[in-house]
Amino acid sequence: MENRPEFVKLVNLASSRLGTQVTYATDDFFADKQRLVDDEPAQWKEGVYDDNGKWMDGWESRRKREEGHDYCVVRLGLPGKIAGVDIDTSHFTGNYPPSASLEGCYCADGEPQEDQVWQELLSSMNLKGDSHHFVDVDCNTPFTHLRFHIYPDGGVARLRVYGQPEIDWTRVSSDQELDLVAVENGGRALACNDQHFGHMSNLIMPGRGVNMGDGWETARRRVPGNDWVILSLGHTAYVDRIAIDTAYFKGNYPDSVSIQAAYVEGGTDEQIATQSLFWRELLPSQKLSADNIHEFVNQVQTLGAISHVRVNIFPDGGISRVRLFGRKSD
């Protein structure tokens, strides 16, 4: 998709894979509210109907015949600061809402109550059918819940909420071992040279991959060289052990892997990718095998505190997850 804003490189805090739930909707007669936060792109199923009408991949309310409008409440899988949203009306043409708005709140315990104070994130904006609506959000406070309003009714395929997970690192002991590149700990996939079959962000998702599509996979390389991906740690850290998981990759796993690392201050994603050519070696080249978790401890080099890694696969192929276990630095 062309003209995607920079904020889409951040974490989708409203990802169902991260535990996001649509906890309430005024109405979801035609299409279940939980579909609004599905991770896969919305599908169109020609000629498919259920008991209530045409099957649609998203959240869709019935036609309103009285005053008011519809809305739903979304509990984010990861509380965080929001940089931008994508209101996606894919496949909704004659049944999309003319406009929508968004509010947020921070509710640490349970669900928001009737007296909850909500903060406006997006004032009412016009929508188009079968379109992505990327909008910047200018707010520097974290949120746990969103209230998504549509006026007066209709259907929206997906609501994606991009931002940075809110983690209170003062509560994390310097002796506590964490996966510092995991998305729930603030890790990010910044750049890669190729992601033809599987997106780089899958590498830092929770749990093991559920199939071969739930990983990072490059096209078959027909020229010399190797493929690579840059990952940012959620906090500068000392890395003690590394796990590379090739779950479900059997005839297409890389022959070997190496990891470079550095402590980086500032710079754009493109500048960091260029600098990564000269980073020191954290993990020397190691052989990989099919559909397996590879643990490395003694092979990990002592580099001090690092903030970014470059994972090199030789020559190409797919891996499911990268785990960097260590302790936060001061």
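Here are some worked exercises on a predicted model, to be followed with the structure in view.

**Exercise 1: the two domains**

Task: Find which domains the chain is assigned to, and how many residues each one brings to the contact between them.

Solution:
- Step 1. Start with the bounds: the assignment gives domain 1 (6–165) and domain 2 (169–328).
- Step 2. Place the two in space: their C-alpha centres lie 32 Å apart.
- Step 3. Turn to the contact, which takes eight residues from domain 1 and 13 residues from domain 2.

**Exercise 2: the nonpolar cores**

Task: Work out where the largest nonpolar core lies with respect to the domains, and look at the surroundings of Phe148 and Leu282.

Solution:
- Step 1. The largest nonpolar core has 68 residues, and those with the most contacts inside it are Phe148, Ile242, Leu282 and Val309.
- Step 2. Domain 1 (6–165) and domain 2 (169–328) both give residues to this core, so it lies between them.
- Step 3. Now go to Phe148. Leaving out residues up to four places away in sequence, Phe148 touches residues including Leu36, Trp59, Tyr71, Ile87, Leu102, Val156 and Leu159. The polar side is represented too: Asp70 and Ser101 are among the residues that Phe148 touches.
- Step 4. Next comes Leu282, which sits in strand 18 (residues 280–287). Its relative accessibility is 2%, and buried means under 20%, so Leu282 counts as buried.
- Step 5. Beyond its neighbours within four places in sequence, Leu282 is in contact with residues including Val239, Ile242, Ile259, Leu303, Ile306 and Val309. Two of these names, Ile242 and Val309, also appear among the core residues with the most contacts.
- Step 6. Finish with the other core, which lies apart from the largest one and has nine residues, among them Leu190, Trp228, Ala262 and Val264.

**Exercise 3: salt bridges, buried or exposed**

Task: The structure holds 21 salt bridges. Take the pairs Arg160 with Asp88, Glu177 with Arg241 and Lys9 with Glu6, and classify each partner as buried, partly exposed or exposed.

Solution:
- Step 1. Recall the cut-offs: buried is under 20% relative accessible area, exposed is over 50%, and partly exposed is in between.
- Step 2. Arg160 and Asp88 meet at 3.5 Å, N to O. This pair links distant parts of the chain, with Arg160 in strand 12 (residues 158–165) and Asp88 in strand 6 (residues 70–88), 72 residues apart. Arg160 has a relative accessible area of 11% and is therefore buried; Asp88, at 2%, is buried as well.
- Step 3. For Glu177 and Arg241, the closest N and O atoms are 3.0 Å apart. Here, too, distant parts of the chain are linked: Glu177 is in the loop between strand 12 and strand 13 (178–179), Arg241 is in strand 16 (residues 227–245), and they are 64 residues apart. Glu177 is partly exposed at 40%, and Arg241 is partly exposed at 23%.
- Step 4. In the pair of Lys9 and Glu6, the closest N and O atoms are 3.6 Å apart. Lys9 is partly exposed at 28%, whereas Glu6 is exposed at 54%.
- Step 5. Look around this last pair: Glu6, Lys9, Asp269 and Glu270 are linked in a network of salt bridges.

**Exercise 4: the largest pocket**

Task: Identify which element gives the largest share of the lining of the largest pocket.

Solution:
- Step 1. The largest pocket holds about 1,200 Å³ of space.
- Step 2. It is lined by 43 residues, of which Arg4, Asp39, Tyr162, His199 and Ser201 are the closest to its centre.
- Step 3. Elements giving two or more residues to the lining are strand 1 (11–12), strand 6, strand 12, strand 14 (188–192) and helix 1 (269–275).
- Step 4. Strand 14 gives the largest share, four residues.

**Exercise 5: backbone details**

Task: Locate the cis peptide bonds before Pro152 and Pro315, then the positive phi values of Asp130 and Asp291.

Solution:
- Step 1. The bond from Tyr151 to Pro152 is cis, with omega near -10°. Pro152 is in the loop between strand 10 (142–151) and strand 11 (155–156).
- Step 2. The bond from Phe314 to Pro315 is cis, with omega near -15°. Pro315 is in the loop between strand 20 (306–314) and strand 21 (318–319).
- Step 3. Asp130, not a glycine, has a positive phi of about 50°; its loop runs between strand 8 (119–126) and strand 9 (132–136). At 44%, Asp130 is partly exposed.
- Step 4. Asp291 has a phi near 50° and lies in the loop between strand 18 and strand 19 (293–296). At 36%, Asp291 is partly exposed.

Technical notes:
Residues are numbered from 1 along each chain as its sequence is written. This is a predicted model: local features need pLDDT of at least 70, side-chain atom pairs count only at pLDDT 80 or more; totals for chains, interfaces and linings use all residues. Side-chain values use heavy atoms; hydrogens and water are left out. A nonpolar core is a set of buried Ala, Val, Leu, Ile, Met, Phe, Trp, Tyr and Cys residues joined through side-chain atoms within 4.5 Å. Buried means under 20% relative accessible area, exposed over 50%, partly exposed in between (1.4 Å probe, protein chains only). Domain bounds come from an automatic or database domain assignment. Contact means heavy atoms within 4.5 Å. A salt bridge is a side-chain nitrogen of Lys or Arg within 4 Å of a carboxyl oxygen of Asp or Glu. On a 1 Å grid over the protein atoms alone, a cavity is a set of points where a 1.4 Å probe fits but cannot get out, and a pocket is an open set with protein on both sides within 12 Å along at least five of seven lines; lining residues have an atom within 4 Å of a point. Grid points are joined across faces, edges and corners, and a volume is the space filled by probe spheres set on the points.
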